[in-house]
Amino acid sequence: MSRSLSVAAGPYTPPVPARTLTVVSADGAPLHVEVHGPEDAPAVVLSHGWTCSTAFWAAQIQELATSHRLIAYDQRGHGRSPASPACTTDALADDLEAVLAQTLAPGEKALVVGHSMGGMTVMAAAARPRFREHAAAVLLCSTGSSRLVAESLVVPLRAGRARTWITGRILGSRAPLGPVTPLAMRILKYGTMGAASTRHMVEACARIVHACPRAVRHAWAGVLAALDLDHGVRQLQVPTAVVHGASDRLTPPVHARALAAALPHCVGLTELPGVGHMTPIEAPGQVTARIRELVTTYVTGTATGSRSIPVQDIKEGA
């Protein structure tokens with residue numbers, strides 16, 4: 001994704017990284033990686049979702065880069081990472097392992113944050129040696145492990161074959177998204193964001209999503225439609241927090257609750273009222289605060305009187 005296609009000012013403007021590098025995955029696929037913040041600061045690895053890019057994390061990077069080392073990468077085919085014929089959850093896991101291995105020192109621990117497909121990437125990598133070497137804790141935002149199309153509420157019909165078929169056709173469409181117009185923003189807001197999301201939030205999301213090549217969007221939609229990573233959830237042995245928007249139509253709250261119930265070490269399920277699927281953009285303060293808390297508790301170990309949060313809905317004002 002070109003910076004010229006992103007918003008030009010405000011909290012969702014992509015910051016200039018301290019350095020960039022190209023990480024090579026197991027099959028030779030090159031991945032664009034950005035590093036923000038001091039090299040000696042605690043590390044946070046950011047894995048974005050379907051049709052997004054490193055620009056999706058702009059608000060978190062702007063807020064945290066003075067005290068954290070933020071490592072954000074473009075999933076294959078997204079942003080500045082070239083498309084690859086390998087579109088599988090194994091490839092996503094390979095990519096995350098490669099990023100961890102090539103940006104962190106041996107044995108160095110980090111908080112790994114995944115939004116949507118980025119969270120699925122974490123689940124796919126949960127049993128991998130490099131992931132277990134480097135992940136101190138995980139934050140899963142607006143994601144699910146299976147039945148994504150069947151549970152989606154994007155199409156306002158009763159659950160069943162018809163809704164699943166129509167939803168799959170919409171999400172997997174090859175149609176170009178075109179320019180970011182007021183109509184395009186209204187459609188994107190309906191499908192992916194809460195009613196209270198502001199115009200500048202919607203525009204930031206639209207510019208990111210519309211920059212994703214349609215062939216890439218279509219290819220990964222097929223992977224998500226067939227997703228089954230329930231086994232990966234059970235392999236996530238590190239402390240894992242879950243954040244979701246109560247108004248999420250793409251991955252409704254049923255997914256977050258299923259994750260919290262299945263995770264071996266869930267340290268909190270946070271529900272954000274009025275927020276949709278794009279939690280890091282719609283609720284930047286809450287997501288950033290959760291990142292800070294998890295880093296302090298599990299990466300640096302400097303939290304005073306820190307404790308795990310009971311697995312229950314923690315409702316925060318959006």
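**Close-up 1. The largest nonpolar core and its best-connected residues.** In this predicted model, the largest nonpolar core takes in 52 residues. Leu96, Phe131 and Leu236 have the most contacts inside that core. Take Leu236: once neighbours within four places in sequence are set aside, its contacts are Val122, Ala126, Phe131, Val138, Leu140, Leu263, Pro264 and His265. There is also a second core, separate from this one, with 39 residues. Val113, Ala206, Val209 and Val287 are among the residues of that second core.

**Close-up 2. Helix α2 against helix α3.** Here α2 (residues 89-103) packs on α3 (residues 117-125) with an angle of about 85° and 8 Å between the axes. That angle makes the two helices roughly perpendicular. On the α2 side the contact uses Thr89, Leu92, Ala93 and Leu96, and on the α3 side Met117, Thr121, Val122, Ala124 and Ala125. Sorted by class, the contact has 7 nonpolar residues, 2 polar ones and no charged ones.

**Close-up 3. Thr121, a buried residue of α3.** Thr121 sits in helix α3. Is Thr121 buried or exposed? Its relative accessibility is 0%, so Thr121 counts as buried. Leaving out residues up to four places away in sequence, Thr121 touches Leu92, Ala93 and Leu96, along with Ser47, Tyr73 and Gln75.

**Close-up 4. Ser47 in strand β3.** One of the residues touching Thr121 is Ser47, which belongs to strand β3 (residues 43-47). Ser47 has a relative accessible area of 0% and is buried. Beyond its neighbours within four places in sequence, Ser47 is in contact with Trp57, Tyr73, Gln75, Val113, Gly114, His115, Gly118 and Thr121. Look for Asp74 as well: Ser47 and Asp74 are 27 residues apart along the chain, and their C-alpha atoms are separated by 7.6 Å.

**Close-up 5. Two positive phi angles outside glycine.** Most residues other than glycine have a negative phi. Ser116 has a positive phi of about 55° without being a glycine. You'll find Ser116 in the loop between β5 (110-115) and α3. Arg147 also has a positive phi of about 55°, and Arg147 isn't a glycine either. Arg147 is in the loop between β6 and α5. As for surroundings, Ser116 is buried, at 8% relative accessible area, whereas Arg147 counts as exposed, at 51% relative accessibility.

**Close-up 6. His134 in helix α4.** His134 lies in α4 (residues 129-134). With a relative accessibility of 1%, His134 counts as buried. What does His134 touch, not counting residues up to four places away in sequence? The list is Leu100, Ala101, Leu104, Ala105, Pro106, Gly107, Glu108, Lys109 and Ala110. From His134 to Leu111 the C-alpha to C-alpha distance is 8.5 Å, with their positions 23 residues apart in sequence.

**Close-up 7. Helix α7 against helix α8.** At what angle do α7 (residues 182-192) and α8 (residues 199-210) pack? The angle is about 95°, and the axes are 9 Å apart, so these helices are roughly perpendicular to each other. From α7, the contact brings in Ala184, Met185, Leu188 and Lys189. From α8 come Arg199, Val202, Glu203, Cys205, Ala206, Val209 and His210. By class that gives 7 nonpolar, 1 polar and 3 charged residues. Two of the α8 residues, Ala206 and Val209, also turn up in the second core.

**Close-up 8. The buried face of α7.** Which residues of α7 are buried? They are Ala184, Met185, Leu188, Gly191 and Thr192. Down the axis of α7, these residues fall within an arc of 135°, so they line one face of the helix. Their packing partners are α8 and α12 (279-282).

**Close-up 9. The buried face of α11.** In α11 (residues 253-262), the buried residues are Pro253, His255, Ala256, Leu259 and Ala260. They fall within an arc of 155° when viewed down the axis of α11, so they line one face of the helix. An α-helix has 3.6 residues a turn, so residues three or four places apart point the same way. The buried residues of α11 pack against the helices α3, α5 (148-151) and α10 (230-235), and against the strands β6 (135-141), β7 (240-245) and β8 (266-272).

Definitions and conventions
Residues are numbered from 1 along each chain as its sequence is written. This is a predicted model: local features need pLDDT of at least 70, side-chain atom pairs count only at pLDDT 80 or more; totals for chains, interfaces and linings use all residues. Side-chain values use heavy atoms; hydrogens and water are left out. A nonpolar core is a set of buried Ala, Val, Leu, Ile, Met, Phe, Trp, Tyr and Cys residues joined through side-chain atoms within 4.5 Å. Buried means under 20% relative accessible area, exposed over 50%, partly exposed in between (1.4 Å probe, protein chains only). Contact means heavy atoms within 4.5 Å. Axes are lines fitted to C-alpha atoms, for helices over the stretch in contact, and angles run from 0 to 180 degrees between N-to-C directions. Helices (H or I, at least four residues) and strands (E, at least two) are DSSP runs, numbered from the N terminus. Angles under 35 degrees count as roughly parallel, over 145 as roughly antiparallel, 65 to 115 as roughly perpendicular and the rest as oblique. Ala, Val, Leu, Ile, Met, Phe, Trp, Tyr, Cys and Pro count as nonpolar, Asp, Glu, Lys and Arg as charged, and the others, Gly among them, as polar. The arc is that of the directions from the helix axis to the C-beta atoms.
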